[in-house]
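Visitor: Before we discuss how the parts are arranged, could you show me the model and explain the terms as they come up?

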Amino acid sequence: MSKSASRARLAEIIRKRSFGRGEITLASGRKSDFYFNLKPTMLDPEGATLLAELTYEALKDDNLDFVGGLEMGAVPLAGAIAQLSWIKGHPIAAFFVRKKPKEHGAKLAVEGLARGETLQGKRIVIVEDVTTTGGSAMKAVEAVREAGGEIALVFTMIDREEGATEAFADAGLPFRSLYKAGEFLKS
């Protein structure tokens, strides 16, 4: 399937499984009359595959060491991208950032690294399912920076176009998206 056909098919899946209209309160606290819940798409076999393929294609030339982000939205994405990157012969390891470090065990904020493995000096992309203001992704950015990682990029599946671009620009972080909310609001 061509990239444009894959993108069109994924948009169909998102429209069917993950997009809706109706009043909702977003993670940012804002009210909206439309929403995206990308989990049904991320956990659908075809949706997960297309998300991983299109994201991998968008990121493959960025010389990345790790892909990860804030739980829960980034977990299925990072895992699928890592798996596909291995299949494609250009491995990008995955991790995730806990919203709150565990209170038992190793008490880690960043999960998925083997003992002795670190993000120190590594090029990292923060991925997110849906981005509104960028606040959730910034939590992951802060945790990765505390762990010594270099943020190469923040990449979201859907940019709601409600301030994230400006927030990341103000923070000096490159930001890209697979889709813009406006693409779904037209239909």
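Guide: Let us begin with a term: contact means heavy atoms within 4.5 Å. In this predicted model, helix α1 (residues 3-17) lies across β7 (150-159) and β8, and runs at about 70° to β8.

Visitor: Why are α3 and α4 called roughly perpendicular to each other?

Guide: The axes of helix α3 (residues 45-59) and helix α4 (residues 74-87) cross at roughly 65° and come within 9 Å. Angles of 65 to 115 degrees count as roughly perpendicular, and α3 and α4 are therefore described in that way. Their crossing is right-handed.

Visitor: What makes the contact between α3 and α4, and how is it composed by class?

Guide: On the α3 side the contact is made by A48, L51, A52, E53, T55 and Y56, while α4 supplies L77, A80, I81, L84 and S85. By class, these comprise eight nonpolar, two polar and one charged residues.

Visitor: What makes β5 and β8 the edges of the sheet?

Guide: The sheet is open, with six strands in the order β5-β4-β3-β6-β7-β8 and mixed pairing. Because β5 (110-111) and β8 (175-180) each have a single partner strand, one side of each is left without a neighbour in the sheet, and they stand at its edges.

Visitor: How do you know that β3 and β6 are paired?

Guide: Two strands pair if DSSP finds at least two bridges between them, and three bridges join strand β3 (residues 66-70) to strand β6 (residues 123-131), with the two running parallel. The bridge partner of F66 in β6 is I124.

How values were computed. Residues are numbered from 1 along each chain as its sequence is written. This is a predicted model: local features need pLDDT of at least 70, side-chain atom pairs count only at pLDDT 80 or more; totals for chains, interfaces and linings use all residues. Side-chain values use heavy atoms; hydrogens and water are left out. Axes are lines fitted to C-alpha atoms, for helices over the stretch in contact, and angles run from 0 to 180 degrees between N-to-C directions. Helices (H or I, at least four residues) and strands (E, at least two) are DSSP runs, numbered from the N terminus. Angles under 35 degrees count as roughly parallel, over 145 as roughly antiparallel, 65 to 115 as roughly perpendicular and the rest as oblique. A crossing is left-handed if the near helix is turned anticlockwise from the far one by less than a right angle, and right-handed if clockwise. Ala, Val, Leu, Ile, Met, Phe, Trp, Tyr, Cys and Pro count as nonpolar, Asp, Glu, Lys and Arg as charged, and the others, Gly among them, as polar.
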